[in-house]
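Me: I have a chain open here and want to go through its secondary structure and a few odd spots. Can you take my questions one at a time?

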Amino acid sequence: MSRVLLIEDDRAVREGVTLTLRRRGHQVEAAATGEAGLAALGAFRPDLVLLDLMLPDTSGFEVCRRIRATQQIPIIMLTARGDDIDVVLGLEAGADDYIVKPARGEVLEARIRAVLRRAAPLDGGAEPAPAQAAETHGDLTIDRAGLLVSKNGQDLALAPSEMKLLLYLSATPGRVFSRQQLLEHVWEHSYHGDARLVDACVMRLRTKVEDSTRSPKYIQTVRGFGYRFGPL
């Protein structure tokens, strides 16, 4: 059972989503404003945040940025329109995924499960893998078992999607992956998903791992095809 913090000002949506998730076994704490949601973070200690973008006090974008400043828990945006510029801004602020309202219970459940798996990609009931030495790629050190990444000895705070994207790309340096392949393997979107998820995550990841986002050496763009890790 996961602990979900729902920040949504629309009472009907808030009550409907809360009921749906509780019926599916989740523990839900609901907040009607951004400030109330931020205040609930410490006491409730959620595994995941469902965040409406249009809030009456503090905007969902600001709430997302403030959460990301101190925590790297999964954040899923709730938005009225999937083609809105707000989606791009929300992803750039640090959200891991988004859901267009109104959403069926099966969709909510699938996205929640997928984003939680990104937060703990080694979980799932399998036998623990043998301990492996951390990998070094240039200035980066990647500890796959510990889900730790450092640059020049300094730990990097990576959101779940950023971590899984880096782990996935760096597992096969030099191999090019299309956006659709990354959507399927990192975001677990089996349909023709939204490439903005990939592009926004790459942009955020580059700000953390690259010396220069204009000349990236780790997360490289292969124009017309997709992205690759290195070669260094």
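Me: Which helix does Thr20 lie in?
Reply: Thr20 lies in helix α1, residues 11-23. Helices here are DSSP runs of H or I with at least four residues, strands are runs of E with at least two, and both are numbered from the N terminus. This is a predicted model, where local features need pLDDT of at least 70, side-chain atom pairs count only at pLDDT 80 or more, and totals for chains, interfaces and linings use all residues. Residues are numbered from 1 along each chain as its sequence is written, and side-chain values use heavy atoms, with hydrogens and water left out.

Me: What does Thr20 touch, leaving out residues up to four places away in sequence?
Reply: Gly105 and Leu108. Contact means heavy atoms within 4.5 Å.

Me: Is Thr20 buried or exposed?
Reply: Thr20 is partly exposed, because its relative accessible area is 26%. Buried means under 20%, exposed over 50%, and partly exposed is in between, with a 1.4 Å probe and protein chains only.

Me: Now the sheet. What is the strand order in the open sheet of five?
Reply: The order is β2-β1-β3-β4-β5, and the pairing is parallel. β2 (27-31) and β5 (97-100) are at the edges with a single partner strand each, so one side of each has no neighbour in the sheet. From one strand to the next the twist averages 20°. Two strands pair if DSSP finds at least two bridges between them.

Me: How many bridges pair β3 and β4?
Reply: Four, in the parallel sense, between β3 (residues 48-52) and β4 (residues 75-79). Leu51 stands opposite Met77 in β4.

Me: And which strands does α3 touch?
Reply: Helix α3 (residues 60-68) packs on the sheet and touches β1, β3 and β4. Its direction makes about 155° with that of β3. Helix α2 (residues 34-44) lies across β1 (3-7), β2 and β3, at about 165° to β1. The axes are lines fitted to C-alpha atoms, for helices over the stretch in contact, and angles run from 0 to 180 degrees between N-to-C directions.

Me: Change of topic. How do β7 and β8 run, parallel or antiparallel?
Reply: Antiparallel, with four bridges joining β7 (residues 140-143) to β8 (residues 148-151). The bridge partner of Ile142 in β8 is Val149.

Me: What is the phi of Leu147 in that hairpin?
Reply: Leu147 has a positive phi near 55°, and the hairpin has four residues between the strands. Most residues other than glycine have a negative phi, and most peptide bonds are trans. Leu147 counts as partly exposed because its relative accessibility is 23%.

Me: Where is Asn152 found?
Reply: In the loop between β8 and β9. Asn152 has a positive phi of about 50° although it is not a glycine. At 54% relative accessibility, Asn152 counts as exposed. That hairpin has two residues between its strands, and two bridges join β8 to β9 (residues 154-155), which run antiparallel. Lys151 has Gln154 in β9 as its bridge partner.

Me: Which peptide bond is cis?
Reply: The one from Lys101 to Pro102, with omega near -10°. Pro102 lies in the loop between β5 and α5 (105-119).
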